[in-house]
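Here are some short exercises to work through with the structure open beside you. Try each task on your own, then compare your steps with the solution below it.

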Amino acid sequence: MALTATAAAVAVTAVGLAASPAAAAPTDTTAPRPGDTCTAADLGTRHPYIKSTEVTPTITHFKGWYVTEGTTGNQTVTTSTQTTISVSVGLNGNVEGGFAVDALTKVGASLGLNVKVDYSSTSTESNTVTWNFSQPGYYGAYKGTKKVTGTYGSLNCNRVQQGDGSWALKWIDGPDGGNFTTFTTLEEGAVRCQDKVPAGSIMAKAQSLLDCGSAAAKAEHPAGAVAPTAKQKRDSLAQRPALTSGTSAERSKATGRSARAALDCQAGAYKIAVPGKPLSWGAPLLADDGVRLRPSSIFSAHLDNWRLCNVTERNGVIEASLWNWGNGGCATIAAQNASTERAVLTTTSCTEDDLQRFYIYRDVPGSSKIGVQNKYTGSMMGHDRYADGEFIRQYSSGRQDGTGTYTLIGV
């Protein structure tokens, strides 16, 4: 039959797409992998790698539709939103900056799928389906997609001690990682209860929503829309997404401003300088200014001196708060700018806040070169150009030209 043939052609693209977890490895052979060698210039960079993926056929728009003799042919059906899928990467769901885009690109490459790599949502898709209904019957007019979810990790360059006691720089599994969600281009179609469709396909998912055993599916109806069955209503409610990611407790912990923290700072102070050059991180005197590259002199008033406080170390990676000797504040990314690429590093009153915590990646012993990463945002610190007064900013993937590598010089 004409409809069955058309349906089969559409269904072919969805064969074998039942929900199934799978380990995913990027197909780009130039991308670093855990254990690969890196250089000191890589200390200020990071790269995503995909740990796991799951592909699930999902119906995003659906409408029961009854076609009678004399009403066959092309019709446009206004569907109802069944499931909303939004592209997101990480805790805040932001898809801005190189790291998130690179992660989603690797997802698509590893699965051989063309997935969305920027922020988008199926709720913005048109909810009409135009279809040639060639036979009378009870149909499900639908739009569907392949929802892709999974986990990713972060590769950072850090020193690693070898079995013989020597040290080398290698790409390690960094402290941060998270979940991602994306989807493929939406497909549309129509399916009846009696149609034979591939198991696990988008079309089979739509057919299951018809609730073919119900009285509503078997009853005669006037041509046009059919009221949702009880099962369709339950499925639609069950798949409504949460409004925000993360619990309120998690969000409060990440961005809350509590009482001033009592810092346990190391005795030594440091300059965080550009390797081999005189400019280093200088904290601001004014609250609305940011950390900039500044020359050090007797007039610096210790604004170029930093202490490492509340220091911990895990798998060779230091975590610390950066307290400035000159203004008494801690380095931070402002909460309102946490998801912004190239947000300026500032200082503020020291509190228990992950926005004020930084991972420090180190070169082999004997070298003072480091890379600095914000714990909450995952972004690396760097600067656009080497110049007096240039801001220190966050970059989701770091500065690939090496301008995110600094030296930690004791003073």
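**Exercise 1. Take stock of the whole chain.**
Find how many helices and strands the protein has, and what share of its residues is buried.

*Solution.* Start with the secondary structure: the model, which is a predicted one, has six helices and 22 strands. Next, turn to burial: 48% of the 411 residues count as buried. Then look at the surface, where the accessible area comes to about 18400 Å² and carbon and sulfur atoms hold 53% of it. Last, consider the contacts with a separation of 6 or more: 71% of them are between residues 24 or more positions apart.

**Exercise 2. Classify aromatic pairs.**
Work out what kind of pair Phe99 and Tyr152 make, and which parts of the chain they tie together.

*Solution.* A pair of aromatic rings is described by two values, the distance of the centres and the angle of the planes. The structure holds four aromatic pairs. In the pair of Phe99 and Tyr152 the centres are 5.9 Å apart and the planes meet at 65°; an angle over 60 degrees counts as edge-to-face, so this pair is edge-to-face. Now place the partners: Phe99 is in helix α2 (residues 98-111) and Tyr152 in strand β7 (residues 137-161), so the pair ties together parts 53 residues apart in sequence. Both Phe99 and Tyr152 are buried.

Try the steps again on Phe133 and Tyr139. Their centres are 4.9 Å apart with 75° between the planes, and this pair is edge-to-face. Phe133 and Tyr139 are buried as well. Elsewhere, ring pairs link Trp281, Trp306 and Tyr406 into a cluster.

To finish, look for arginines over rings. Arg159 lies over the face of Trp167, 5.0 Å from the ring centre, and Arg307 lies over the face of Trp325 at 4.9 Å.

**Exercise 3. Describe strand β18.**
Decide which side chains of β18 point one way and which the other, then find the strands that pair with β18.

*Solution.* In a regular strand the side chains alternate between the two faces of the sheet. In β18, Arg357, Tyr359 and Tyr361 point one way, while Phe358, Ile360 and Arg362 point the other way. Burial comes next: six of the six residues of β18 (residues 357-362) are buried.

Now for the partners. Strand β15 (residues 317-324) runs antiparallel to β18 and is joined to it by four bridges, with Ala320 opposite Phe358. Strand β19 (residues 369-374) is also antiparallel to β18, with five bridges between them, and here Arg362 stands opposite Ile370. β18 and β19 form a hairpin with six residues between them, and Gly366 in the turn has a positive phi of about 100°.

**Exercise 4. Zoom in on Arg362.**
Is Arg362 buried or exposed, and which side chain makes a polar contact with its own?

*Solution.* First, burial: the relative accessible area of Arg362 is 16%, and the limit for buried is under 20%, so Arg362 is buried. Second, the polar partner: its side chain makes a polar contact with the side chain of Glu313 at 3.0 Å. Third, the wider surroundings: beyond its sequence neighbours, Arg362 is in contact with several residues, including Leu43, Asn158, Arg159 and Ile318. Ile318 is 44 residues away along the chain, yet the C-alpha atoms of Ile318 and Arg362 are separated by 8.6 Å.

**Exercise 5. Compare the settings of Cys38 and Thr182.**
Where are Cys38 and Thr182 found, and what do they contact?

*Solution.* Take Cys38 first. Cys38 is in the loop between β1 (20-22) and β2 (46-67) and counts as buried at 6% relative accessibility. Beyond its sequence neighbours, Cys38 touches Cys157, Asn158, Leu169, Lys170 and Trp171.

Thr182 is in strand β8 (residues 167-183) and is buried too, at 0% relative accessibility. A polar atom of the Thr182 side chain lies 2.7 Å from the backbone oxygen of Lys116. Among the other contacts of Thr182 are Ile85, Val87, Leu104 and Val148.

**Exercise 6. Check the cover of helix α3.**
Which residues of α3 are buried?

*Solution.* Go along the helix, residues 202-209: six of its eight residues are buried. They are Ile202, Met203, Ala204, Ala206, Gln207 and Leu209. Just after α3, Asp211 takes a positive phi of about 55°.

Technical notes. Residues numbered from 1 in each chain as written. Predicted model: local features only at pLDDT ≥ 70, side-chain atom pairs only at ≥ 80, totals over all residues. Heavy atoms only, no water. Phe/Tyr/Trp six-rings, centres within 6.5 Å; stacked < 30°, edge-to-face > 60°. Helix = DSSP H or I, 4+ residues; strand = E, 2+ residues; numbered from the N terminus. Buried < 20%, exposed > 50% of the residue type's maximum accessible area, 1.4 Å probe, protein only. Lys NZ or Arg CZ within 6 Å of the ring centre and 35° of its normal. Contact = heavy atoms within 4.5 Å. Polar contact = N/O pair within 3.5 Å; in protein donor to acceptor, adjacent residues only side chain to side chain. Pairing = 2+ DSSP bridges. Areas by Shrake-Rupley, 256 points an atom, 1.4 Å probe, with all protein chains shown as cover. Lists of a residue's contacts leave out its neighbours within four places in sequence.
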